[in-house]
Amino acid sequence: MTTNPSSRVGLLARAPGCGASLSGMTHGNRGKDAASQKFDTLAIHAGQEPDPLTGAVVPPIYATSTYHQDAVGELRDGYEYSRTKNPTRLALEECLAALEGGARGLAFASGMAAEDTLLRTLCKPGDHAVIPNDAYGGTYRLFSKVLEPWGLSWTAAKLSDVDSVRQAVTEDTKVIWVETPTNPLLGIADIAALAEVAREARAALVVDNTFASPYLQQPLGLGAHVVVHSTTKYIGGHSDVVGGAVIVKDPELGERVAFHQNSVGGIAGPFDAWLTLRGVKTLGVRMDRHCYNAERIAEYLCGHPRVSAVLYPGLVDHPGHDVAGKQMRRYGGMVSFRLADGEAAAVRACNRAKLFVLGESLGGVESLIEHPGRMTHASAAGSPLEVPGDLVRLSVGIEDVDDLLADLEQALHE
Ligand SMILES: Cc1ncc(COP(=O)(O)O)c(C=O)c1O
């Protein structure tokens, strides 16, 4: 966190080579050497061979619920019913698995459907989970209002403090749930260090990689067992589709999640899977621009007299800066800041923004501004996850950064 006006602002160069290794990949991209291909190539080709029937370069939208069987029980390539398997969804699943360096990917109707299905695969009533003390509000609601009554207990811990996570673990802990960077305070957790805690506890380390995207951070390579995404955000990238994903390192766990996915039914439909797959092709180029714009905006806010604190892991005095530099390629497109004049000033800035769209969600090409305390995190009011009232969150888009800076200048002008 950078406090104004005294502290010096600076941004480290990107961490070298972070997130680039995808060794061991075999799925998707049939006929080509996917194991040696780099991120931007996989984003365009993994799981996306030309259609075998027509040669269509883009995987078609298979809008079908069922499939002709050649004889009773004789399926074509395992296709029986689209809740279980659909070619458009499979293309997305293979692509996401390749991008995260996982053995298997599974695409869901939303990030929350992915989280719920995963947690009910990994846990049973009587088990315990450790969750971030500044988790995404919907994740907190899932644990506290849905899974706790089902029988899953949980403890919220400060994930940037590895010892406090270790202390929160009990003999019933089956899951350590990680967000990094966190939403909306942009805290950073050391994935490799938490993987060690999970190993000692014999628990699964799950990383919600929504804020970073696989372009910036690949948790499976750092020791995590599972990655979760709200693909609604950077992966889809255009604010036009809601979706979620689970990517696992272990194929056997992949089978178990697939069993639950089919049993519970929260799958991504073919139209949504197709839109998400179209978005993911440009993930790398979009993320570079998101990061560039966010770095410029964080620097600008650090020098603004009405801003009391800027929360961005790219700032050298952010407490998680070094860890972020170790595990991320760059520092992401999300910037939060606090207003010296308190909550009313924060709300005013949100209402005055013109180019920054006032709205929830994040990760799209257009810039968004929001007041977490009254919008995305309103449900955390009065809980340990309550966020400060003077906080504003920006999802920095890929517009021309000079226009974004001009909009912030007028929105912050009193
Ligand atoms: C970090 C994070 N995880 C999960 C979710 C839930 O995803 P969805 O809205 O696609 O259900 C969100 C949504 O904002 C999120 O920000």
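1. Helices here are DSSP runs of H or I with at least four residues, strands are runs of E with at least two, and both are numbered from the N terminus. The model is predicted. Element names below follow that numbering.

2. Start with the loop between strand 5 and helix 6 (191-201), where P181 lies. The peptide bond from T180 to P181 is cis. Its omega is near -5°. P184 has its place in the loop between strand 5 and helix 6 as well. The bond that leads into P184 from N183 is also cis, with omega near 10°. Most peptide bonds are trans, so cis bonds deserve a look.

3. L186 sits in the loop between strand 5 and helix 6 too. Its phi is near 60°, which is positive, and L186 is not a glycine. Most residues other than glycine have a negative phi. Check the backbone here by eye.

4. Which residues surround the ligand? They are S110, G111, M112, E115, Y136, N183, D208, T210, S230, T232, K233 and G243. N183 thus belongs to the ligand shell and also to the cis bond with P184. By class, the shell holds two nonpolar, seven polar and three charged residues.

5. Which helix gives the most residues to the shell around the ligand? Helix 3 (residues 111-122) does, with three.

6. Now the polar contacts; the cut-off is 3.5 Å between N or O atoms. A backbone N or O atom of M112 is 2.9 Å from a ligand oxygen. The side chain of T232 places an N or O atom 2.7 Å from an oxygen atom of the ligand. For K233, a polar side-chain atom lies 2.7 Å from a ligand oxygen. How much of the ligand's exposed area does the protein bury? Taken alone, the ligand exposes 390 Å², and the protein buries 90% of that.

7. The sheet is open and has seven strands, in the order 2-8-7-6-5-3-4. Pairing is mixed. Strand 2 (104-108) and strand 4 (153-157) are the edges, each pairing on one side only. On average, neighbouring strands are turned by 20° against each other, direction ignored.

8. Strands of a sheet pair through backbone hydrogen bonds, either parallel or antiparallel. Strand 3 (residues 128-132) pairs with strand 4 in the parallel sense, over five bridges. Within that region, P132 stands opposite A157 of strand 4.

9. Helix 3 packs on the sheet. It touches strand 2, strand 5 (173-179), strand 6 (204-208), strand 7 (226-230) and strand 8 (244-248). The direction of helix 3 makes about 155° with that of strand 5. So helix 3 both packs on the sheet and contributes three residues to the ligand shell.

10. Helix 4 (residues 137-150) lies across strand 3, strand 4 and strand 5. Helix 4 runs at about 155° to strand 4, which is an edge strand.

Terms used
Residues are numbered from 1 along each chain as its sequence is written. This is a predicted model: local features need pLDDT of at least 70, side-chain atom pairs count only at pLDDT 80 or more; totals for chains, interfaces and linings use all residues. Side-chain values use heavy atoms; hydrogens and water are left out. A residue is near a molecule or strand if one of its heavy atoms lies within 4 Å of it. A polar contact is a pair of N or O atoms within 3.5 Å; within protein, one must be able to donate a hydrogen and the other to accept it, and residues adjacent in sequence count only if both atoms are side-chain atoms. Accessible areas come from the Shrake-Rupley method with a 1.4 Å probe; for residues, only the protein chains shown count as cover. Ala, Val, Leu, Ile, Met, Phe, Trp, Tyr, Cys and Pro count as nonpolar, Asp, Glu, Lys and Arg as charged, and the others, Gly among them, as polar. Two strands pair if DSSP finds at least two bridges between them. Axes are lines fitted to C-alpha atoms, for helices over the stretch in contact, and angles run from 0 to 180 degrees between N-to-C directions. Contact means heavy atoms within 4.5 Å.
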